[in-house]
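Please look over the sequence and the model shown below before reading on. The paragraphs after it are meant for a reader who meets this structure for the first time.

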Amino acid sequence: MKRDTRIGAIAAFIQAACYICGIAILATAMNPGDTDGWSGVQKLAFILEREPLFQWWNLVIYVVFGVALVVLTAVIHRLLQQSDPLLMAIASSFGMIWAGLVIASGMVASVGLEMVAGAYLENAAAAAEAWRIIGTVQNGLGGGVEIVGGLWVFILSVVSIRSGRVFPKPLNWLGLLVGVCGIVTTVPALGDFGAVFGLAQIVWFIVIGMVLIRADYAPQVIPSDV
């Protein structure tokens, strides 16, 4: 079990690092500034000028994150499944679905950009329209609505609270907050909570990693004072 918790801790830290790296690049090199009045062609041209960086950024925040999420979901499932097998089966299903959606989202954006990059030389307007459609699909899969990830975190936090012995209470309450912020993004007017979901989850992943790295061989002795 010690090996499992260490692997889970590494996965959690990787996910936090993916979030931080993604936000940093989006705020700097991939930040176009004020795009009011920009046409779709101008927006696509900005991305194509930074295509290698965009592809690397896309790989980190979607594919690497998704792979690490599979690992963390499996580890947490093992730790909590004895507390409530049914709820953890449901929670872990959402975790795996989320991982699949995130990875698929990254692949759609990566392959889509390659396609529009070639089309851009022949018809920039048509390429921009294709990129807009690809962006809508990609956003629907892995970024526009965070209900799947929210349900995963929320349900496993409920299980941990009910068990009273696996993860520390502050972490569980933070997990509930993260989960609620993700779930409410299904309401269009509350879409901005997606940013809160992402930022709060960075902290959640880091604390999860700290708890798992300190864990003993048995899940019931994971320190409750973290």
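The text below turns to charged side chains and then to a nonpolar part of the surface.

The model is predicted. Side chains of opposite charge can pair when their charged atoms come close. In this structure there are five salt bridges, and three of the pairs are taken up here in turn.

One of these salt bridges joins the side chains of Arg78 and Asp4, with a distance of 2.2 Å from N to O. Arg78 belongs to helix α3 (residues 51-80) and Asp4 to helix α1 (residues 2-27), so this pair ties together parts that lie 74 residues apart in sequence. The two partners can also be described by their accessibility. Asp4 has a relative accessible area of 11% and is therefore buried, the limit for that class being under 20%. Arg78, at 44% relative accessibility, is partly exposed. The pair also belongs to a wider arrangement, since Arg3, Asp4 and Arg78 are linked in a network of salt bridges.

A further salt bridge is formed by the side chains of Glu49 and Arg50, at 3.3 Å from N to O. Here Glu49 has a relative accessibility of 62%, so this residue counts as exposed, whereas Arg50, with a relative accessible area of 26%, is partly exposed.

The side chains of Glu129 and Arg132 also meet in a salt bridge, at 2.6 Å from N to O. Both residues are part of helix α5 (residues 124-142), where they stand three residues apart, about one turn of the helix. Glu129 is partly exposed at 37% relative accessibility, and Arg132 is partly exposed as well, with a relative accessible area of 48%.

The surface also has a nonpolar side to consider. Phe13, Ile20, Ile206, Met210 and Ile213 make a nonpolar surface patch of about 400 Å². Two elements, α1 and α8 (193-213), each give two or more residues to this patch. Which of the elements provides the largest share of the nonpolar patch? That share, three residues, comes from α8. Ile213 may serve as an example from the patch: this residue is found in helix α8 and has a relative accessible area of 41%, which means that Ile213 is partly exposed.

Helix α1 thus appears in two settings: Asp4 of this helix pairs with Arg78 of α3, and α1 is also one of the elements that give two or more residues to the nonpolar patch.

Key
Residues are numbered from 1 along each chain as its sequence is written. This is a predicted model: local features need pLDDT of at least 70, side-chain atom pairs count only at pLDDT 80 or more; totals for chains, interfaces and linings use all residues. Side-chain values use heavy atoms; hydrogens and water are left out. A salt bridge is a side-chain nitrogen of Lys or Arg within 4 Å of a carboxyl oxygen of Asp or Glu. Helices (H or I, at least four residues) and strands (E, at least two) are DSSP runs, numbered from the N terminus. Buried means under 20% relative accessible area, exposed over 50%, partly exposed in between (1.4 Å probe, protein chains only). Patches are made of residues with over 30% relative accessible area and no salt bridge: like charges are joined within 9 Å, nonpolar side chains (Val, Leu, Ile, Met, Phe, Trp, Tyr) within 5 Å. Accessible areas come from the Shrake-Rupley method with a 1.4 Å probe; for residues, only the protein chains shown count as cover.
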